[in-house]
Amino acid sequence: MKIVLDAGHGLGTPGKRTPDGEPEWAFNNTVLLAAEAALAAFKDVRILRTDDPSGRRDVPLQERTDRANAWNADLFVSFHHNANTGAWGDWGGTETFTLDARRANPKSADLARILQPAIVRAMGLRDRGVKKRNLHVLRETHMPAVLIEGGFMDSRTDIRALRDPARLQAQGVAAASAIAAWFGLTKRQPDAAVPAGQPGKQFRLATGTFPDRRSADNAAAKLRQQFGWTVYVKEGN
Ligand SMILES: [Zn+2]
């Protein structure tokens with residue numbers, strides 16, 4: 001099974017960021033990496049990324065779909081996070097897109113119906129359902145294709161899930177499980193589904209101590225801008 005995983009946009013894509021400046025690609029990438037690691041536990045799976053894994057280049061949509069088609073992929077999955085107005089608001093939720101029924105590969109809708117509830121459970125956000133939309137990556141791919149909007153970057157509720165790497169990783173693992181179920185994939189060996197790393201452990205990176213809030217916020221903004229990391233400022237003694 002040849003699976004294309006695609007993290008939407010790039011680190012520098014204008015507009016595709018939270019009201020605080022965190023780039024959408026970084027959220028999408030965290031989900032993608034977890035999905036990729038989880039899918040590696042299954043037999044006969046090959047993965048192709050159609051975005052730039054460093055995030056530096058926003059690969060044009062045509063290039064993404066051309067590569068997927070040339071590779072003759074069996075599935076195209078694009079990971080995104082939504083925005084409404086770009087200013088903080090009270091909307092929110094998870095949705096999965098396929099092309100409209102007339103033109104979409106019928107298998108896309110089957111997968112979307114499995115994916116959507118799995119992603120909703122993983123993110124713990126409102127279920128906005130499976131939707132149809134005429135999007136380039138859905139229209140121009142010659143294989144079943146879905147696009148997941150994991151949550152809203154400009155939502156006061158959803159942002160807590162988006163800033164929690166464990167939740168984004170859970171989203172990726174949920175996507176992988178749904179894809180595996182849909183393809184009928186079998187594991188390489190029992191219990192091989194645990195992603196690389198030490199189960200149950202997390203490692204955090206602390207970058208510095210600042211005398212005032214403004215300096216800390218400025219440094220955090222720089223790190224988000226340059227590296228696309230999820231960065232937050234914690235007050236303490
Ligand atoms: Zn997007």
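**Figure 1. The zinc site in the predicted model, with His 9 and Glu 24 among its donors.** His 9 and Glu 24 are both buried, and each of them supplies donor atoms to the zinc ion. In this predicted model, the protein donors are NE2 of His 9, two OE atoms of Glu 24 and ND1 of His 80, and these atoms lie 2.1 to 2.7 Å from the zinc ion. Along the chain the donors of the zinc ion follow the spacing H-x14-E-x55-H. His 9 and Glu 24 link distant parts of the chain, since His 9 sits in the loop between E1 and H1 while Glu 24 belongs to helix H1, 15 residues apart. The angles among the four donor atoms run from 51 to 145°, and the site of the zinc ion is irregular. For orientation, ideal angles at a metal with four tetrahedral donors are 109.5 degrees.

**Figure 2. Helix H3 and the elements packed around its buried residues.** Helix H3 covers residues 106–123, and its 18 residues reach 26 Å from the first C-alpha to the last, which is close to the 26 Å expected at 1.5 Å a residue. The buried residues of H3 include Leu 111, Leu 115, Ile 119 and Met 123. Against which strands and helices do the buried residues of H3 pack? They pack against strands E3 (75–82), E4 (94–98), E5 (127–132) and E6 (145–152), and also against helices H5 (158–162) and H6 (165–183). Just after H3, Gly 124 takes a positive phi of about 70°.

**Figure 3. Strand E6 and its pairing with E3 and E4.** Strand E6 is mostly covered, with eight of its eight residues buried. E6 pairs with E3 in the parallel sense over six bridges, whereas its pairing with E4 is antiparallel and runs over three bridges. Two residues of E6 can serve as landmarks in this view: Val 146 is the bridge partner of Val 77, and Leu 147 stands opposite Phe 97. In a regular strand the side chains alternate between the two faces of the sheet.

**Figure 4. A salt bridge between two loops, formed by Arg 163 and Asp 20.** The structure holds 12 salt bridges, and in one of them the side chains of Arg 163 and Asp 20 meet at 3.0 Å, N to O. Arg 163 lies in the loop between H5 and H6, and Asp 20 in the loop between strand E1 (2–7) and helix H1 (24–39), so this pair ties together parts that are 143 residues apart in sequence. Arg 163 counts as partly exposed at 27% relative accessibility, and Asp 20 is also partly exposed, at 40%.

**Figure 5. Salt bridges within helices H3 and H7.** In helix H3, Asp 110 and Arg 113 lie three residues apart, about one turn of the helix, and their side chains meet in a salt bridge at 2.7 Å, N to O. Asp 110 is partly exposed, with a relative accessible area of 37%, while Arg 113 is exposed, with 54%. Asp 217 and Arg 213 are four residues apart in helix H7 (residues 213–227), so they are separated by about one helical turn; their salt bridge is 3.4 Å, N to O. An α-helix has 3.6 residues a turn, so residues three or four places apart point the same way. Asp 217 is partly exposed at 32% relative accessible area, and Arg 213 is likewise partly exposed, at 46%.

Key: Residues are numbered from 1 along each chain as its sequence is written. This is a predicted model: local features need pLDDT of at least 70, side-chain atom pairs count only at pLDDT 80 or more; totals for chains, interfaces and linings use all residues. Side-chain values use heavy atoms; hydrogens and water are left out. The expected span of a helix is 1.5 Å times one less than its number of residues. Buried means under 20% relative accessible area, exposed over 50%, partly exposed in between (1.4 Å probe, protein chains only). Contact means heavy atoms within 4.5 Å. Two strands pair if DSSP finds at least two bridges between them. A salt bridge is a side-chain nitrogen of Lys or Arg within 4 Å of a carboxyl oxygen of Asp or Glu. Donors are N, O and S atoms within 2.8 Å of the metal (3.2 Å for Na, K and Ca); water is not among the atoms, so sites may look incomplete. Four donors count as tetrahedral if all angles lie between 85 and 135 degrees; four count as square planar and six as octahedral if opposite donors are over 155 degrees apart and all others between 65 and 115; anything else is irregular.
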